[in-house]
Amino acid sequence: MSMQADCSGPGEAGCLLDAAWQAAGLLPADKQARLKPAFAEATRGLKDKTLASKWQMRLGQVSLPQPAPDFAREQAQAAIAEYGWEGFFQRARQGQAPLNMGRPEIMAAAIDMAPNAMERLRLIDMMFSFAGVPKPGTMGQFSQDDFERASFSHVLAEQMMEDCKLDEFDRARDRTAAPQSIRYELWRARIAGGAGKLAPKIRQGDGSTDTTFVRHVLEGYGPILRQGYCPG
């Protein structure tokens, strides 16, 4: 297949995964080995049995990463149980415990705990207000003081991708620390379509010897593999 060929069409999943594997092949051997569990996780839910078998043979015996405890969800559940929904809002607004640390992640975990659609939207609106905008003169880069804003923007981008809301996704993505990340490009493609067109960019890697780019490809394409594209 040409380096420039995209992956549009019915064979998109296999083609894009191969593109990610090709990008991994540009890395040192030890880095490639470290990526195998990430590929195993991404390909675990493949519905195409032939493709799944291909990847199983390619990866060999690989231990899947153990799921980490979801501390943010546990904190959100505990705070809502103790303080009620309104109390949770108040503590979030004031940054009080347990929302004095990891506030973006805890609030994101609470989105699907909202008692109704209106309260869910209210929580998301508050998160967007906390995300704010980059400080003037920072060229879109966040200072250490703005780290929480970038975190809010990231979790909002992920939620808007899940919710299939393109305008809100773009609004959140623009405020992240790295809006041009391949992960966000693939998340956007879940809503707008056309992830296969990113194949040439994926095959090239990012020119580094770090595994981050390939991990972000797998994290970005994972929702499409698991859930498919948003309804047109």
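Which residues of helix 9 are buried? Keep that question in mind while selecting helix 9, which is the first stop. The model on screen is a predicted one.

**Stop 1: helix 9**

Select residues 182–192, the stretch that forms helix 9. The buried residues here are I182, R183, Y184, E185, L186, W187, A189, R190 and I191. That is nine of the 11 residues of the helix, so helix 9 is largely enclosed by the rest of the structure. To see what does the enclosing, show helix 7 (147–162), helix 8 (166–173), helix 10 (199–204) and helix 11 (212–227); these are included in what covers the buried residues of helix 9.

Now pick out L186, which is part of helix 9. Is L186 buried or exposed? L186 has a relative accessibility of 0%, and because buried means under 20%, L186 counts as buried. Leaving aside residues up to four places away in sequence, L186 touches A195, L198, I202, H216, V217, G220, Y221 and I224. Take G220 from that list and draw a distance between the two C-alpha atoms: L186 and G220 come out 4.9 Å apart in space, although 34 residues separate them in sequence.

Before leaving, step past the end of the helix to G193. This residue follows helix 9, and its phi is positive, near 90 degrees.

**Stop 2: helices 1 and 2**

Two packed helices are described by the angle between their axes and the distance between the axes. Select residues 12–24 for helix 1 and residues 29–43 for helix 2. The axes of helix 1 and helix 2 cross at roughly 170 degrees and come within 11 Å. An angle over 145 degrees counts as roughly antiparallel, so helix 1 is roughly antiparallel to helix 2. Show side chains to find the contact: L17, A20, W21 and A24 on the helix 1 side, and Q32, L35, K36, F39 and T43 on the helix 2 side.

**Stop 3: helices 2 and 3**

Keep helix 2 and add helix 3, residues 49–59. How are helix 2 and helix 3 packed? Their axes lie 10 Å apart, at an angle of about 165 degrees. That makes helix 2 roughly antiparallel to helix 3. The crossing of helix 2 and helix 3 is left-handed. On helix 2, look at K36, F39, A40 and T43; they meet W55, R58 and L59 in helix 3.

**Stop 4: aromatic rings**

A pair of aromatic rings is described by the distance of the centres and the angle of the planes. The structure holds seven aromatic pairs. Select W21 and F39 to view one of them: the ring centres are 5.1 Å apart and the planes stand at 80 degrees, so the pair is edge-to-face. W21 belongs to helix 1 and F39 to helix 2, so the pair ties together parts that are 18 residues apart in sequence. F39 is buried, with a relative accessible area of 0%, whereas W21 is partly exposed at 26% relative accessibility.

Add W55 to the selection. Ring pairs link W21, F39 and W55 into a cluster. Then add R58, which lies over the face of W55, at 4.5 Å from the ring centre. For another arginine over a ring, select R171 and F128: R171 lies over the face of F128, at 4.0 Å from the ring centre.

**Stop 5: helix 4 and a neighbour**

Move to helix 4, residues 71–94, and select W85 and F89, which are four residues apart and so separated by about one helical turn. W85 is buried at 12% relative accessibility, and F89 is buried at 2%.

Next, select E119, which sits in helix 6, residues 117–131. E119 counts as buried, at 15% relative accessibility. Not counting residues up to four places away in sequence, E119 touches W85, E86, F89 and A114.

**Last stop: a loop**

Where is P67? Look in the loop between helix 3 and helix 4. P67 is exposed, with a relative accessible area of 71%. Draw a C-alpha to C-alpha distance from P67 to E41: the two are 11 Å apart in space and 26 residues apart in sequence.

Key. Residues numbered from 1 in each chain as written. Predicted model: local features only at pLDDT ≥ 70, side-chain atom pairs only at ≥ 80, totals over all residues. Heavy atoms only, no water. Phe/Tyr/Trp six-rings, centres within 6.5 Å; stacked < 30°, edge-to-face > 60°. Helix = DSSP H or I, 4+ residues; strand = E, 2+ residues; numbered from the N terminus. Buried < 20%, exposed > 50% of the residue type's maximum accessible area, 1.4 Å probe, protein only. Lys NZ or Arg CZ within 6 Å of the ring centre and 35° of its normal. Contact = heavy atoms within 4.5 Å. Axes fitted to C-alpha atoms, helices over the stretch in contact; angles between N-to-C directions. Parallel < 35°, antiparallel > 145°, perpendicular 65-115°, else oblique. Left-handed = near helix turned anticlockwise from the far one by under 90°.
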